[in-house]
Amino acid sequence: MSSHPLVTVICLCYNHAKFVRQAIESVLDQDYPAIELIVVDDASTDNSVDIIEEMIEKKTAFTFLKNQTNQGNCASFNRAFTHSKGEFIIDLAADDVLLPDRISCGVVDLESKGDQYGVQYGAVELIDESSKFIGHFYDSNPNKPISGDLYEQLIEKFFVSGPSMFMRRVVLEDMEGYDEQLDFEDFDLCIRSSRNFLYSFTEKTVVKKRIHSQNYSKKQKQFRNKLGRTTLQVCEKIFGLNESLAEHRALQRRIKYEMKKSIQFGNIGLCSSYYRLLKSVNRKVKAFAQAPTKP
């Protein structure tokens with residue numbers, strides 16, 4: 001294997017004219033020599049395309065893909081992934097910023113571990129629309145990051161910051177890319193990847209995540225938002241992926257939590273779907289509990 005395996009950064013842009021230049025420059029300014037940058041614009045209605053094309057005209061070396069119609073993050077990422085060649089992949093939103101040694105940190109960490117480690121993630125600095133520091137992701141998150149087999153923990157408590165993830169290509173190939181039926185990918189990505197691969201956490205800050213009104217995390221807290229359907233779909237996947245009593249019990253707790261959230265944000269219709277899923281999980285838990293123990 002090369003001492004500098006190729007790393008592909010897929011930068012997804014949708015109406016990020018205020019931020020996309022900084023995001024691209026953060027990739028170009030990496031201290032790592034083998035980088036493939038693919039920028040996808042998802043039919044922005046602001047001047048994002050003009051800014052990206054201006055950077056290309058200055059002989060900046062990256063691939064630019066333009067969607068003619070808005071496809072959403074998952075489909076846009078998959079389109080870029082089919083063009084990519086890197087052994088490692090970063091999914092970079094065009095409103096976030098990589099730290100200069102983010103890529104070298106990820107390569108060194110995963111290359112030092114066995115192939116069972118598929119994802120590396122790290123500490124995250126939070127910034128506002130003006131790039132002003134406003135905190136650290138894990139300062140406000142009661143769930144502390146850990147390494148190893150995260151699957152069961154991630155069912156109940158989602159604590160990995162998506163922008164900090166650095167993945168082996170094989171992880172995404174194993175998943176057959178992102179699920180284009182979902183509105184957002186973070187939860188599904190973590191669940192499906194952690195089922196088959198271990199995670200490695202570093203306390204080093206690797207990315208600046210921008211907090212603004214268009215973040216998915218903000219939209220999820222809006223009254224009667226439609227994003228809760230994606231979480232339900234992922235919970236249904238978890239039911240099919242679970243293999244143990246502990247995992248099913250973690251899913252029970254997750255479903256009860258999501259039902260409360262659905263009521264809080266006015267998505268009452270989701271509660272009946274969650275209730276049906278919960279009944280199925282309860283039957284699994286009962287079957288595990290009644291199964292004879294092995295000698």
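## A walk through the helices, cysteines and rings

Start by selecting helix α4: Arg102, Ile103, Ser104, Cys105, Gly106, Val107, Asp109 and Leu110 are its buried residues. That makes eight of the 10 residues in this helix, residues 102-111, so mostly covered is a fair description, with buried meaning under 20% relative accessible area. Keep in mind as you click around that this is a predicted model.

**Stop two: a cysteine inside α4.** Stay with Cys105, one of the buried residues of α4. Its relative accessible area is 15%. Don't look for a disulfide here, as the structure holds zero of them. For cysteine 105, the nearest cysteine sulfur belongs to cysteine 190 and sits 17 Å away. Now jump to cysteine 235, which is in no disulfide either; its nearest cysteine sulfur, that of cysteine 271, is 12 Å off. Cysteine 235 counts as buried, at 0% relative accessibility.

**Stop three: into strand β1.** Select cysteine 11, which you'll find in strand β1. Is cysteine 11 buried or exposed? Buried, with 0% relative accessibility. Show what surrounds it: leaving aside residues up to four places away in sequence, cysteine 11 touches Ala23, Leu37, Ile38, Val39, Val40, Leu92 and Ala94. For a sense of scale, draw a line from the C-alpha of cysteine 11 to that of glutamate 111: the two are 100 residues apart in sequence and 23 Å apart in space.

**Stop four: helix α2 and its two sides.** Next, select residues 48-57, which form α2, and colour the buried ones: Ser48, Val49, Ile51, Ile52 and Met55. Turn the view until you look down the axis of α2; the buried residues fall within an arc of 165°, so they line one face of the helix. There's a simple rule behind patterns like this: an α-helix has 3.6 residues a turn, so residues three or four places apart point the same way. On the face turned away from the buried side of α2, pick out the exposed residues Asp50 and Glu57.

What do the buried residues of α2 pack against? Bring up β1 (7-13), α1 (20-28), β2 (35-41) and β3 (63-66). Before leaving, check lysine 59, which follows α2 and has a positive phi, near 65°.

**Stop five: where α1 meets α2.** Show both helices together. Their axes come within 9 Å and cross at roughly 35°. To see the contact, select Val20, Arg21, Ile24 and Glu25 on α1, then Ile51, Ile52, Glu54 and Met55 on α2. Coloured by class, this contact has five nonpolar residues, three charged ones and no polar ones.

**Stop six: helix α3.** Move along to residues 73-83, where the buried residues of α3 are Cys74, Ala75, Ser76, Phe77, Asn78, Ala80 and Phe81. Their packing partners are β1, β2, β3, β4 (88-93) and α6 (169-175).

**Last stop: the rings.** A search of the whole structure turns up eight aromatic pairs. Try phenylalanine 137 with tyrosine 138, an edge-to-face pair at 4.8 Å centre to centre and 85° between the planes. Phenylalanine 137 is buried, at 18% relative accessible area, and tyrosine 138 is buried too, at 9%. Finish by adding Tyr121, Tyr199 and Phe201 to your selection: together with Phe137 and Tyr138, they are linked by ring pairs into a cluster.

Notes:
Residues are numbered from 1 along each chain as its sequence is written. This is a predicted model: local features need pLDDT of at least 70, side-chain atom pairs count only at pLDDT 80 or more; totals for chains, interfaces and linings use all residues. Side-chain values use heavy atoms; hydrogens and water are left out. Buried means under 20% relative accessible area, exposed over 50%, partly exposed in between (1.4 Å probe, protein chains only). Helices (H or I, at least four residues) and strands (E, at least two) are DSSP runs, numbered from the N terminus. The arc is that of the directions from the helix axis to the C-beta atoms. Contact means heavy atoms within 4.5 Å. Axes are lines fitted to C-alpha atoms, for helices over the stretch in contact, and angles run from 0 to 180 degrees between N-to-C directions. Ala, Val, Leu, Ile, Met, Phe, Trp, Tyr, Cys and Pro count as nonpolar, Asp, Glu, Lys and Arg as charged, and the others, Gly among them, as polar. A disulfide is a pair of cysteine sulfur atoms within 2.5 Å. Rings of Phe, Tyr and Trp (its six-membered ring) pair if their centres lie within 6.5 Å; planes under 30 degrees apart count as stacked, over 60 as edge-to-face and the rest as tilted.
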